[in-house]
Amino acid sequence: MTQSAITNVTVIGSGTMGNGICHVFAQSGFTVSMMDIKQDALDRAMATIAKNMDRQVTKGTMTEDAKAAALGRISTHTDMAEAVKNAQLVVEAATENVDLKLNIFRQLDELAPAGCILASNTSSISITKIGSVTKRADKVIGMHFMNPVPVMKLVEVINGYATSADVTSTIYKLSEQLGKVPCVANDYPGFIANRLLLPMINEAIISLQEGVAGVTEIDTIMKLGMAHPMGPLQLADFIGLDVCLSILNVLHNGIGNPKYAPATLLVNMVQAGYLGVKSGEGFYKYTPGSKELVVSSMFSVKKW
Ligand code: CAA
């Protein structure tokens, strides 16, 4: 299938990544079916997409009419069979849990039309493994968007072992059609984005744990010294500390090098429920509506 044959896209999952992916497809003229198991999650996602499109309207990069048309192209579904029945492409953006994803792909393989491409937005789970539970491993591919999806230009396109060259080429061109810049990587743990990003975040946490410097100092050094938009600790909070831990475990177990072992401090924070922005506290404490960066009281006093 060529990318021009793709007009109907189904996105599985309506969380931060799922609703961002729906946003960019709808904005680019695709008919989008957004699927989640709960209607209230879908309603919240539609409100988030509308709010994020409002930012573009305020900036003048989208008209009110274009926003209304894009929102009108998105339908919401709690039934998977209904959601995928007309899809030429499904992008799965469910929780980063291997059993959950394998189960979703088994169902998608049963329910989606025969020629439909099945993509996963996984940040680290093997595309080859996901493809192996389907009867169409040649049509299974990674389409890894970055958060916030409407802003970040990259799509990391990941080839599973059996992904066909035609499917890679289709997804590459489709990503360009979304206004993104695709980069192809092969299926090794963490692909490229997270194989490089997570060791940096982990090293920042180990440096904090060892008392080399405080939260503000570590983040400021990387922001002002390396021109990163967020320091590694703030970025870890933004990604979610549970997600960071799970990606590091994939790297550690999959590559088998002790250099990927997650920092004990990260493990403890996840166990204690300090997950970053989504739980209200990680390395920083978050107050809804406030953009001020306040270091968590756990780290505001020097303990070393
Ligand atoms: N939807 C639409 N637009 C959005 C948005 C969203 N969800 N979030 C932010 N924006 C827009 C804002 O409207 C604003 O636009 P203008 O500059 O044109 O006015 C712009 O993005 C910047 O936003 P803010 O002014 O609110 O805040 P900021 O300047 O601090 O930028 C940020 C926020 C874009 C998130 C920036 O801090 C950043 O780039 N951070 C790093 C993000 C990053 O590294 N992402 C990758 C994470 S890793 C990942 O996703 C993959 C994985 O597998 C773990």
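Which helix gives the most residues to the shell around the ligand? In this predicted model, H2 does, with 3 residues. The close-up views below begin with this shell.

**View 1. Residues and secondary structure around the ligand.** The ligand is surrounded by 18 residues, of which Lys59, His144, Asn147, Asn194 and Lys291 come nearest. Three helices each supply at least two residues of the shell: H2 (39-59), H8 (193-209) and H10 (232-239). H2 makes the greatest contribution, with 3 residues.

**View 2. Composition of the shell and its domains.** Nonpolar residues number 10 in the shell around the ligand, alongside 5 polar and 3 charged residues. Domain 1 (3-186) and domain 2 (196-299) each provide at least three residues of this shell.

**View 3. Polar side chains facing the ligand.** In the side chain of Asn194, an N or O atom is 2.9 Å from an oxygen atom of the ligand. A polar side-chain atom of Lys291 likewise lies 2.9 Å from a ligand oxygen atom. For Arg55, the distance between a side-chain N or O atom and a nitrogen atom of the ligand is 3.4 Å. The protein buries 67% of the 1,000 Å² that the ligand exposes when taken alone.

**View 4. Cysteine residues Cys183 and Cys244.** Cys183 is partly exposed, its relative accessible area being 40%. Cys244, by contrast, is buried, with a relative accessible area of 0%. The count of disulfides in the model is 0, where a pair of cysteine sulfur atoms would have to lie within 2.5 Å to be counted.

How values were computed
Residues numbered from 1 in each chain as written. Predicted model: local features only at pLDDT ≥ 70, side-chain atom pairs only at ≥ 80, totals over all residues. Heavy atoms only, no water. Near = heavy atom within 4 Å. Polar contact = N/O pair within 3.5 Å; in protein donor to acceptor, adjacent residues only side chain to side chain. Areas by Shrake-Rupley, 256 points an atom, 1.4 Å probe, with all protein chains shown as cover. Helix = DSSP H or I, 4+ residues; strand = E, 2+ residues; numbered from the N terminus. Nonpolar A, V, L, I, M, F, W, Y, C, P; charged D, E, K, R; others polar. Domains from an automatic or database assignment. Buried < 20%, exposed > 50% of the residue type's maximum accessible area, 1.4 Å probe, protein only.
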